[in-house]
Amino acid sequence: MDVYLQDIRKAFPETVALHGVSFEARPGEVHALLGENGAGKTTLMNILAGLYQPDEGSIWLGGQRRRWRSPAHAIAAGIGMVHQHFKLVPPLTVHENLLLGVRGPLWLHRRRDAARVASLAREHGLDVDPLARVWQLSMGERQRVELLRLILRDARVLVLDEPTSVLTPQESQALFATLRSLARSGRTVVFISHKLEEVLRAADRITVMRGGRAIATLRSQDARAADLAALMVGRHVTPPQPSPPPPGAPVLEVDRLTVPGDRRPLAVREVTLTVHAGEIVGVAGVAGNGQRELAEALAGLRPIASGAVRLDGRPLERATVRDRIEAGLALIPEDRLDVGLVGEMTAADNLILKSYRQPPLSRRGVLDPRAVRARARAALGRFSLAVPAEAPVRLLSGGMLQRLLLARELAEAPRAVVAMSPTRGLDVGAAADVHRALLEAQSRGTATLLLSEDLDELLLLADRLAVMYDGRISAILKRAEFDRPRIGLLMAGGAA
Amino acid sequence: MTVHVVLAWLASAVAAGTPLVFAAVGEIVAERGGVFNLGVEGMMLVGAVSGFIVAVHTRDLALAIAVAMGAAAAVALLLAVLTITLGADQAVTGLTLTLFGAGLSSFLGKPYIGIPSPVVFRPVPLPVLGDVPGLGPVLFQQNLLVYASYLLVPAVWAALSHTRPGLALRAAGEDAATADALGLNVAALRYTGVLTGGALAGLAGAYLSLAYTPAWTDNMTSGQGWIAIALVIFATWNPLRAAAGAYLFGGVEALGFRIQAVGGTTPSYFLRMLPYLFTLGVLLVVTMRSRRPGVPGNLGRPYFREERYG
Ligand SMILES: Nc1ncnc2c1ncn2[C@@H]1O[C@H](COP(=O)(O)OP(=O)(O)O)[C@@H](O)[C@H]1O
Ligand SMILES: [Mg+2]
């Protein structure tokens with residue numbers, strides 16, 4: 001079905017997300033929607049899927065003007081969307097999730113429904129267990145459930161929001177093969193991405209969005225990566241150049257660390273790692289293989305089952321969070337506003353959260369507001385951050401929040417940093433700043449453990465790369481051994 | 001002789017537990033849909049008083065029950081509009097509802113204090129079943145409302161776990177954004193859950209004023225609405241377990257009466273405290289064993305489509 005979105009405008013209370021965007025996709029093609037974080041890609045597709053109402057503009061489907069008041073209308077018209085945060089109910093089983101919102105008999109028939117799902121799954125090469133509960137599935141499996149849902153509902157227009165962000169390189173290839181075959185059967189396929197290479201590889205046409213506008217639509221055989229990058233970013237961003245110093249003495253040592261998980265008995269199993277002074281060790285892996293639990297255990301936010309953690313030879317595994325901070329361990333958490341910063345507090349207060357007990361910031365337990373402001377101004381100046389010092393930080397953009405967090409965590413030249421997906425959700429400029437800050441800390445001798453789901457980031461920054469699968473480190477590679485296919489295989493649980 | 005005493009005690013345990021069965025199962029339906037209704041006590045009182053008034057004036061028990069359920073559902077509708085449509089805080093609104101229900105029922109019931117109802121639900125021993133030794137006198141020599149509760153519990157359980165609307169309601173309570181994106185009408189599902197819960201709370205109240213202690217007295221629910229809410233947690237949102245818990249509570253309550261009746265020396269205040277103490281203890285044990293068992297993922301959270309969720 002032909003899809004045409006015409007002059008769509010959408011404002012949210014704080015921002016105008018779309019300033020009159022037009023977009024067009026045809027049956028039989030795979031169309032990529034490329035743009036940086038915050039460009040408005042998700043908002044545009046949510047409007048097509050009936051989840052958001054456009055303020056202005058119209059939706060045309062197969063030449064007819066359409067208007068939906070709820071997602072149910074869009075679904076009935078043949079629109080199917082796989083959202084970036086999957087729309088699955090975790091405590092329900094796969095087949096129950098697939099039944100949701102589908103008409104049918106009043107009584108559910110567990111075995112018959114599951115068998116039907118299983119046969120459809122086999123037919124399309126989307127292998128999942130229909131009776132498994134969704135929370136037990138890997139992200140790749142969950143995505144297959146979502147695709148299966150669209151097929152089950154016979155969607156004619158398929159929209160996928162950042163579908164590869166949770167997949168290994170091999171899984172991504174398999175996904176694009178599936179999308180290609182769905183397009184060949186006459187469906188219209190749109191996928192959202194911010195990754196140039198995959199867009200060039202997998203799409204027939206590419207629409208680039210920037211700042212709430214559609215900048216251009218190109219055929220991918222006519223497009224070059226450099227041009228796309230310029231269209232997407234609208235300016236030139238120089239990636240930082242790593243120049244690692246020779247590694248020094250061991251600083252952060254992890255010895256057979258085992259950590260219990262929330263949903264399974266052990267999230268981290270016997271992990272052994274050493275990070276030397278001035279070294280960045282990357283940890284690669286598909287989300288949910290124990291990376292978060294490892295980072296939290298190192299920071300003291302999660303109890304451990306067994307094993308040892310040492311900083312400069314000093315045992316830390318039983319130390320409190322404050323002891324770890326005082327020993328020189330810094331954390332850059334995955335969730336900036338939940339764990340990293342206090343949203344309702346000002347930038348100045350957030351900046352002194354770790355050092356407020358020391359003079360001159362406080363004396364006999366009483367804060368000195370002038371000293372606090374002076375310290376905040378100095379830190380903001382050093383990282384050239386234009387942040388209002390007196391407004392609550394929850395109003396800041398993701399990039400600003402992360403810069404603020406780095407300013408606090410890296411200000412006092414920590415001995416070691418544990419960074420968890422530090423550039424997730426940031427635009428290219430902010431991500432480059434974060435990388436620069438990490439490299440600068442490295443040059444000053446900080447030992448960095450960088451956990452990330454973005455393989456490009458790890459390949460850029462890491463001196464050594466550990467691959468994590470199912471709670472274990474399956475291999476540690478030196479820079480000379482960095483090889484994408486091999487790392488992808490390890491991330492999927494294959495042997496080295 | 002002793003067997004006789006035990007059977008009589010068990011029978012009164014069932015009779016005392018039945019209002020909790022209605023109220024807790026109703027609250028489970030509301031909460032499975034994602035709405036936390038702390039107004040159970042208030043809705044029970046409204047049900048108790050309105051059912052009683054209708055019975056006094058019309059001598060029609062069926063009509064009395066229908067009005068009790070309708071009146072309590074109307075009170076629940078207030079909560080539904082405030083929390084589901086307008087996004088008001090569910091805990092605060094529920095508390096307000098309890099105060100409102102207590103005040104309203106006390107106002108409406110003033111002229112009826114001390115009046116006996118001309119019609120009440122009396123025990124109706126079932127043929128055959130009522131004569132089964134042991135089980136018969138405990139379960140099947142009760143009134144019609146108790147029999148209704150026997151049917152209600154498995155029906156609600158089956159509806160929640162084995163029907164399409166039940167699945168949809170659970171999805172709305174677990175993850176409203178997902179339910180919405182899949183084309184379900186989250187608000188309609190939640191309204192249905194809350195109104196069903198309200199009607200059942202009204203039935204629980206009418207059971208008290210027309211069957212269990214047939215008369216109207218101020219605040220005659222004496223905290224049972226709160227016990228029902230606690231039972232929901234204790235039962236991990238499962239109607240079958242909630243019924244078991246309700247009968248346990250009823251058993252402890254009936255035990256207190258019995259000790260008093262045979263002239264035990266334990267102070268009566270202590271005996272009346274027992275069931276609440278017991279509930280507290282069970283809750284403590286259940287909650288300590290696992291941290292948040294079975295709680296619907298979006299319980300207590302309003303949903304608006306275009307709002308952003310973390
Ligand atoms: N539900 C929402 N409420 C408020 N602002 C939103 C909402 N969704 C998106 N935005 C804002 O709209 C802009 C575009 O966001 P989005 O469409 O998610 O971009 P993209 O998918 O390209 O990264 C951003 O500034 C974002 O903060
Ligand atoms: Mg997006």
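**Reading the interface and sheets of a predicted two-chain model**

Mentor: Chain A and chain B bury about 2,200 Å² between them, and carbon and sulfur atoms give 62% of that area. Buried area is the accessible area (1.4 Å probe) that two parts lose on being put together, summed over both. On the side of chain A, Lys87(A), Leu100(A) and Leu108(A) lose the most area to chain B, together 23% of what that side buries. The model is predicted: local features need pLDDT of at least 70 and side-chain atom pairs count only at pLDDT 80 or more, while totals for chains, interfaces and linings use all residues. Residues are numbered from 1 along each chain as its sequence is written, chains are lettered from A and ligands numbered from 1 in the order in which they are written, and side-chain values use heavy atoms, leaving out hydrogens and water.

Trainee: How many residues of each chain are in contact?

Mentor: Contact means heavy atoms within 4.5 Å. Here 33 residues of chain A touch 22 residues of chain B.

Trainee: How many salt bridges does the rule find across the interface?

Mentor: A salt bridge is a side-chain nitrogen of Lys or Arg within 4 Å of a carboxyl oxygen of Asp or Glu. The rule finds 2 between chain A and chain B. One salt bridge joins the side chains of Lys10(A) and Glu306(B) (2.5 Å, N to O).

Trainee: Which strands form the open antiparallel sheet of chain A, and in what order?

Mentor: Strands (E, at least two residues) and helices (H or I, at least four) are DSSP runs, numbered from the N terminus. Two strands pair if DSSP finds at least two bridges between them. In this sheet 4 strands of chain A follow the order S2-S1-S4-S5. Strand S2 (16–25) and strand S5 (64–66) of chain A are its edge strands, each pairing on one side only. Strand S4 (residues 56–61) of chain A pairs with S5(A) over 3 bridges in the antiparallel sense, and Ile59(A) stands opposite Arg66(A) in S5(A).

Trainee: Why is one side of S16 and of S22 of chain A left without a neighbour in the sheet?

Mentor: These strands belong to an open, mixed sheet of 6 strands in chain A, in the order S16-S19-S20-S13-S21-S22. Strand S16 (329–332) and strand S22 (472–478) of chain A stand at the edges, each with a single partner strand, so one side of each has no neighbour in the sheet. Elsewhere in the sheet, strand S13 (residues 280–284) and strand S20 (residues 447–451) of chain A run parallel, joined by 4 bridges. Gly282(A) has Leu450(A) in S20(A) as its bridge partner.
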